[in-house]
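The exercises below are to be worked with the sequence and the model side by side. Each has a task and a solution in steps.

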Amino acid sequence: MKATINILGTEYRIEEHKTSEDEFLEENGYAGYCEEDSKLIVYADMTEEKYFGKMDDSARLACRNRTLRHELIHAFLNESGLSADASKTAGAWAKHEEMVDWFAIQSPKIYKTFQELEIL
């Protein structure tokens, strides 16, 4: 796994953390998070049975990839300037043309990032 990735011109670090050693993961029950200010994407070490139960390698990989894709979307939204305005949008985002446009414009870049990290 690459340690950094370029998100719309901004370098983000990607780190795997043990849930037992990451207070934010543990307290919130998260499998990952994206810190906008520090440009950090964290995903949980899914081998800790206490937090993820028993999973075979295939299930762990699928869960890790799903978590990374989710956190990368947060990073793309952050770097697109949408995180600050999210709470000001009237109605559901899925109905707004700006969100449709955003995905249409940014999806090739997101796909390239997913390919680079081999998480498709």
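The side chain of Thr10 makes a polar contact with the side chain of Glu79 at 2.9 Å. A polar contact is a pair of N or O atoms within 3.5 Å; within protein, one must be able to donate a hydrogen and the other to accept it, and residues adjacent in sequence count only if both atoms are side-chain atoms. The model is a predicted one: local features need pLDDT of at least 70, side-chain atom pairs count only at pLDDT 80 or more, and totals for chains, interfaces and linings use all residues. Residues are numbered from 1 along each chain as its sequence is written, and side-chain values use heavy atoms, with hydrogens and water left out.

**Exercise 1. Place Thr10 in the fold and list what it touches.**

Step 1. Thr10 belongs to strand S2, residues 10-17. Helices (H or I, at least four residues) and strands (E, at least two) are DSSP runs, numbered from the N terminus.

Step 2. Contact means heavy atoms within 4.5 Å. With neighbours within four places in sequence set aside, Thr10 is in contact with Ile5, Lys39 and Glu79.

Step 3. For the whole protein chain, the order from the N terminus is β-β-α-β-β-α-α-α, that is, four helices and four strands.

**Exercise 2. Find the strands that pair with S2 and give the direction of each pairing.**

Step 1. Two strands pair if DSSP finds at least two bridges between them.

Step 2. Strand S1 (residues 4-7) runs antiparallel to S2, joined by four bridges. Asn6 has Glu11 in S2 as its bridge partner. The two strands form a hairpin with two residues between them, and Leu8 in the turn has a positive phi of about 50 degrees.

Step 3. Strand S4 (residues 40-44) pairs with S2 in the parallel sense over five bridges. Here Glu16 has Tyr43 in S4 as its bridge partner.

**Exercise 3. Describe the nonpolar cores.**

Step 1. A nonpolar core is a set of buried Ala, Val, Leu, Ile, Met, Phe, Trp, Tyr and Cys residues joined through side-chain atoms within 4.5 Å. Buried means under 20% relative accessible area, exposed over 50%, and partly exposed in between (1.4 Å probe, protein chains only).

Step 2. The largest core has 19 residues, of which Ile5, Ile7, Tyr12, Ile14, Ile41 and Leu72 touch the most other members. Two or more residues each come from S1, S2, S4, helix H3 (57-79) and helix H4 (97-117).

Step 3. Another core lies apart from it and has eight residues, including Leu25, Tyr33, Ala44 and Phe52.

**Exercise 4. Which residues form the aromatic cluster, and how are its rings oriented?**

Step 1. Rings of Phe, Tyr and Trp (its six-membered ring) pair if their centres lie within 6.5 Å; planes under 30 degrees apart count as stacked, over 60 as edge-to-face and the rest as tilted. The whole structure holds three aromatic pairs.

Step 2. Phe24 and Tyr30 have ring centres 5.5 Å apart and planes at 65 degrees, so they are edge-to-face. Phe24 and Tyr33 are also edge-to-face, because their planes stand at 75 degrees, with centres 4.9 Å apart.

Step 3. Phe24, Tyr30 and Tyr33 form one cluster. Tyr33 is buried at 8% relative accessibility, while Phe24 is partly exposed at 40% and Tyr30 is partly exposed at 37%.

**Exercise 5. Count the disulfides and assess the burial of Cys34 and Cys63.**

Step 1. A disulfide is a pair of cysteine sulfur atoms within 2.5 Å. The count is zero.

Step 2. Cys34 is buried, with a relative accessible area of 18%, and Cys63 is buried at 12%.
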